[in-house]
Amino acid sequence: MEGTNFLGFDMNATNPNSSTALGFVIKVLIVIVVLVLIYFLQRKIKQKRMSPEWLEAQKNKETNIKNVANLAKNANLTSTEKALLWDMCHRFKAKNIEFLVKDENEMNKLLKQEYDVLAAKNNQNEIANFFSLYFKLEKVRFSSTSISTTSSLAEGQEFTYKDADGYEWQLKLISNSSNGLYIEIPKMLASSDKKPAPLAKFILNFTLKGSSSYSLLTRVIRYDQDKQGNSILVASSTNTLKPIQRRMSKRMKADSPCTFSAVKKLEEKKGATDFEILEKKYEGELQDVSSSGCRISCGLPIKQGQSLYIEFEITKGEPLSAIGTIVMTKKSLDGKTFILHIKFVEIDIAVRNKIYAYAYGYLNE
């Protein structure tokens, strides 16, 4: 019979299943083509946004509210800090803050302008919010400029080495070569048994300009002397620098006299502690200070846990004070003095802001 095979099926009949399958294949191909087009379009947009021309154009645009929102999310700003950032950028017509935040010099100029406005108003709460914002913006910049290898370290970089007794020694990089790190160490350390043994591993901490801090694990290659007779530790290079969590407040070195008195804790009322400051004053030396604490040296072996009332100056003729508790007492290397590590427990907001202002270079000595 015409149009049938030997089993009797109609060879001219349309197979509905074949039509459905063909339609499905066509739809799948269309979806694939669309996805491919979207992929190449997104790739082209991404390439454009990575081009120097596009980045430069975005960098030079004036900051808008979306730029502030993006940075606020990245920096984990509070609503108050976000509002302050937008007000600052809007008032001074700052260039795109998402790029500007990575430029230390330009960012410092912008922040200094804002600080001058707030200092003139003398609203201590607003100034405190400003320094909180400053700290968080610094963290963003540090994270974008982090290093991972000692080859990035420049001559003159200072290190801190903590010996087995917890005493901190200050060391200095004098040469950085393919043969290792040539580090000048104090003669007292070089002649003592406190230094790391040859071929031993040890840890160095250091802070880059701008207070980005790192820890590195290295090894002593050998000890040597330079032509001037300085003691040199030659240490191995490394590609595994470890960022150190930054303090919540910027700490600065100090070298000025201070006085302190013992403090008695009285009863606590509604979460606050009353203190009685004793009359007798003792002399000490302020070694460093931040808005959250300080370190002083004195001739008294005062024990951990004792509260002190401390009077000090960071600018001449302007005495500041705070109440703090000793969290650690260490004997100095010469055995003649003691180092008191103090955490502030009661400090006026104006004093805290003054310390911040000095630490960020807004005050003259």
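Three short exercises on a predicted model follow, each with a worked solution.

**Exercise 1. The chain as a whole**

Task: State how many helices and strands the protein chain has, and what share of its residues counts as buried.

Solution:
- Start with secondary structure. The protein chain holds nine helices and 13 strands.
- Turn to burial. The chain has 365 residues, and 35% of them count as buried.
- Add the surface. Its accessible area is about 22,600 Å², with 53% belonging to carbon and sulfur atoms.
- Finish with contacts. Take those between residues at least 6 apart in sequence; 56% of them join residues at least 24 apart.

**Exercise 2. Glu114**

Task: Locate Glu114, classify it as buried or exposed, and find its side-chain polar partner.

Solution:
- Place the residue. Glu114 lies in helix 6, residues 104-121.
- Check the accessibility. The relative accessible area of Glu114 is 1%. The cut-off for buried is under 20%, so Glu114 is buried.
- Look for the partner. The side chain of Glu114 makes a polar contact of 2.5 Å with the side chain of Arg91.
- List the neighbours. Leaving out residues up to four places away in sequence, Glu114 touches Leu84, Met88, Arg91, Phe92 and Phe130.

**Exercise 3. Phe40**

Task: Find the helix that holds Phe40, classify its exposure, and name the surface patch members.

Solution:
- Place the residue. Phe40 sits in helix 1, residues 16-49.
- Check the accessibility. Phe40 has a relative accessible area of 48%. Partly exposed runs between the 20% and 50% cut-offs, so Phe40 is partly exposed.
- Name the patch. Phe24, Val25, Val28, Leu29, Ile32, Val36, Tyr39 and Phe40 make up a nonpolar surface patch.
- Give its area. Together these residues have about 750 Å² of accessible area.

Conventions
Residues numbered from 1 in each chain as written. Predicted model: local features only at pLDDT ≥ 70, side-chain atom pairs only at ≥ 80, totals over all residues. Heavy atoms only, no water. Patch = residues over 30% accessible without salt bridge, like charges linked within 9 Å, V, L, I, M, F, W, Y side chains within 5 Å. Areas by Shrake-Rupley, 256 points an atom, 1.4 Å probe, with all protein chains shown as cover. Salt bridge = Lys/Arg side-chain N within 4 Å of Asp/Glu carboxyl O. Helix = DSSP H or I, 4+ residues; strand = E, 2+ residues; numbered from the N terminus. Buried < 20%, exposed > 50% of the residue type's maximum accessible area, 1.4 Å probe, protein only. Polar contact = N/O pair within 3.5 Å; in protein donor to acceptor, adjacent residues only side chain to side chain. Contact = heavy atoms within 4.5 Å.
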